[in-house]
Amino acid sequence: MAAFSRLLRRATVALGLVASLAVASIAHASDMTVDWPAWNAASPPIFPGETWQRYASPEEAGWSSASLDAAMEAGSQLGGDALFVVYNGAVLAEWGQIARRMNVHSVRKSLMSALYGIAVGEGKVDISASLGTLGIDEITPLTEIEKSATVADLLETRSGIYLPAAYETRSMKRGRPERGSHAPGSFWYYNNWDFNALGTIYNQQTGSDLFRDFETRLARPTGMQDFSLRHTFYRGDPDVSHHPAYLYRLTARDMARFGLLFLNEGRWRDSQLIPADWVAESTRAHVQRERGGGYGYMWWTFARRLEELGTYAALGNGGQTIIIVPAARLVLVHKANTADGHRVETGDIVEVLVAILKARTGPPAATPKLVPAVQPVIPGATVELGPEQQSRLPGAYKGRRATIHVVETKDGIEIADPRLGQFRLLAQSDTRFLIEDLEREAVFTANEAGEVIGVSVENRRGGWTDLERVRN
């Protein structure tokens with residue numbers, strides 16, 4: 001809190017505000033015990049169309065411009081890459097690369113929870129079913145006690161199954177309890193085995209694919225602007241587990257649509273996309289954590305000052321957040337690009353949220369003025385390659401640490417990295433490309449005969465990694 005307060009004071013100076021006036025503005029802005037429902041009642045829910053709308057000024061939505069600007073400026077100094085705030089369905093404030101897709105990390109689990117809500121509502125999944133009943137097993141065979149864990153236990157990450165999992169962090173590995181130390185349903189441990197197995201169960205029970213269902217059941221109906229299936233991929237570890245992790249790259253503005261869907265209890269305009277009772281059940285605390293707050297069905301809940309506002313969140317490693325504050329009709333999305341080594345602590349993001357909430361001064365205008373949100377310029381190809389030029393590039397390229405593949409798809413030339421996923425290559429010349437989302441360059445080299453023999457890929461430190469083409 002002290003660090004954030006320093007950032008807030010620094011932000012007021014950067015904005016050219018007299019410190020005493022800024023502090024007074026914040027002090028006279030609302031606290032979090034005001035009658036939020038009465039303030040919100042004046043304005044019916046708003047839904048974005050193909051693009052977002054924003055308030056012409058924060059005052060149109062009932063916020064103080066000075067206090068909100070100070071909070072956003074402080075948030076921009078945390079070391080992240082994007083901050084996107086929505087009040088009642090329109091953009092209140094934004095900063096950074098809101099249209100750049102980045103790994104959402106563990107936010108994926110809350111996306112999975114939403115899909116489970118749909119499947120449960122349609123009778124395709126029974127969360128009281130046990131793993132044994134569903135035929136779920138592992139490379140290291142599950143014991144009979146472990147097979148008694150239910151789908152609900154996995155949703156609450158209380159399976160009692162402590163085995164290696166795909167896409168685990170070092171802290172997960174270090175903190176994993178001893179196998180057999182806790183019965184299913186009796187102990188909470190943040191366990192990627194549970195989350196990954198839920199992906200396997202979902203695909204098995206629905207007869208579908210979770211990424212395709214996310215696209216058709218959630219992304220398209222909510223109008224996500226930047227989503228495509230190529231921004232998803234399974235990352236497994238076949239030597240360790242049968243159950244791969246399911247990873248997404250999403251933009252802040254698309255994540256805000258998902259948050260807005262939950263803010264409206266699973267409804268988007270006239271369509272109930274997720275059962276309202278699942279939204280309520282999945283976002284309430286099923287487990288109380290020692291450090292405060294709780295955990296639902298792959299959603300985090302808060303304690304103390306935010307609990308009374310019904311706040312819950314999807315949280316991912318490095319500062320990926322979708323925070324929903326139902327009583328305030330607010331959604332906050334924060335992104336940090338871990339591919340570039342950027343990381344932000346969740347606690348600092350929460351302090352930004354608190355400052356934003358305190359910047360509210362009253363109800364919105366009776367008919368708030370909305371204007372089109374700014375549409376960021378997204379990098380693209382600068383030249384168009386012909387079929388013959390494109391056909392020279394596909395193949396495997398081997399480096400010291402990994403082998404990548406260049407493939408030709410209906411969308412053009414793409415590069416597939418087993419650790420990061422698949423990315424379009426945006427041509428800047430016939431040999432030089434910009435890697436979509438990563439925004440790094442890839443430069444192909446050829447021999448005197450014009451045959452492509454290698455590629456150099458820019459890394460996050462500004463250096464280059466050379467890879468040699470694998471001959472068939």
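In this predicted model, strand β4 pairs with strand β6, which spans residues 245-250, in the antiparallel sense, and two bridges join them. One residue of this pairing can be located by name: Asn 103 has Arg 249 in β6 as its bridge partner. The pair belongs to an open sheet of three strands, arranged in the order β4-β6-β5 with antiparallel pairing. Because β4 (102-103) and β5 (232-235) each have a single partner strand, they stand at the edges, and one side of each is left without a neighbour in the sheet.

Strand β6 also leads to the nonpolar interior. Tyr 248 is one of the residues that touch the most other members of the largest nonpolar core, which contains 113 residues; the others are Tyr 116, Trp 193, Ile 274, Leu 330 and Ile 356. Leu 330 may serve as an example. Leaving aside residues up to four places away in sequence, its contacts include Trp 63, Tyr 87, Leu 263, Ile 323 and Ile 356. Apart from the largest core lies another, of 19 residues, with Leu 425, Ala 442, Val 452 and Leu 467 among them.

The packing of helices offers a further view. Two packed helices are described by the angle between their axes and the distance between the axes. For helix α6 (residues 107-121) and helix α12 (residues 210-222), the angle is about 75° and the axes are 11 Å apart. Angles of 65 to 115 degrees count as roughly perpendicular, and α6 is therefore roughly perpendicular to α12. Where they meet, α6 contributes Leu 111, Met 112, Ala 114, Leu 115 and Ile 118, while α12 contributes Leu 210, Asp 213, Phe 214, Arg 217 and Leu 218. Of the residues in this contact, eight are nonpolar, two are charged and none is polar.

Conventions. Residues numbered from 1 in each chain as written. Predicted model: local features only at pLDDT ≥ 70, side-chain atom pairs only at ≥ 80, totals over all residues. Heavy atoms only, no water. Pairing = 2+ DSSP bridges. Helix = DSSP H or I, 4+ residues; strand = E, 2+ residues; numbered from the N terminus. Core = buried A, V, L, I, M, F, W, Y, C linked by side-chain atoms within 4.5 Å. Buried < 20%, exposed > 50% of the residue type's maximum accessible area, 1.4 Å probe, protein only. Contact = heavy atoms within 4.5 Å. Axes fitted to C-alpha atoms, helices over the stretch in contact; angles between N-to-C directions. Parallel < 35°, antiparallel > 145°, perpendicular 65-115°, else oblique. Nonpolar A, V, L, I, M, F, W, Y, C, P; charged D, E, K, R; others polar.
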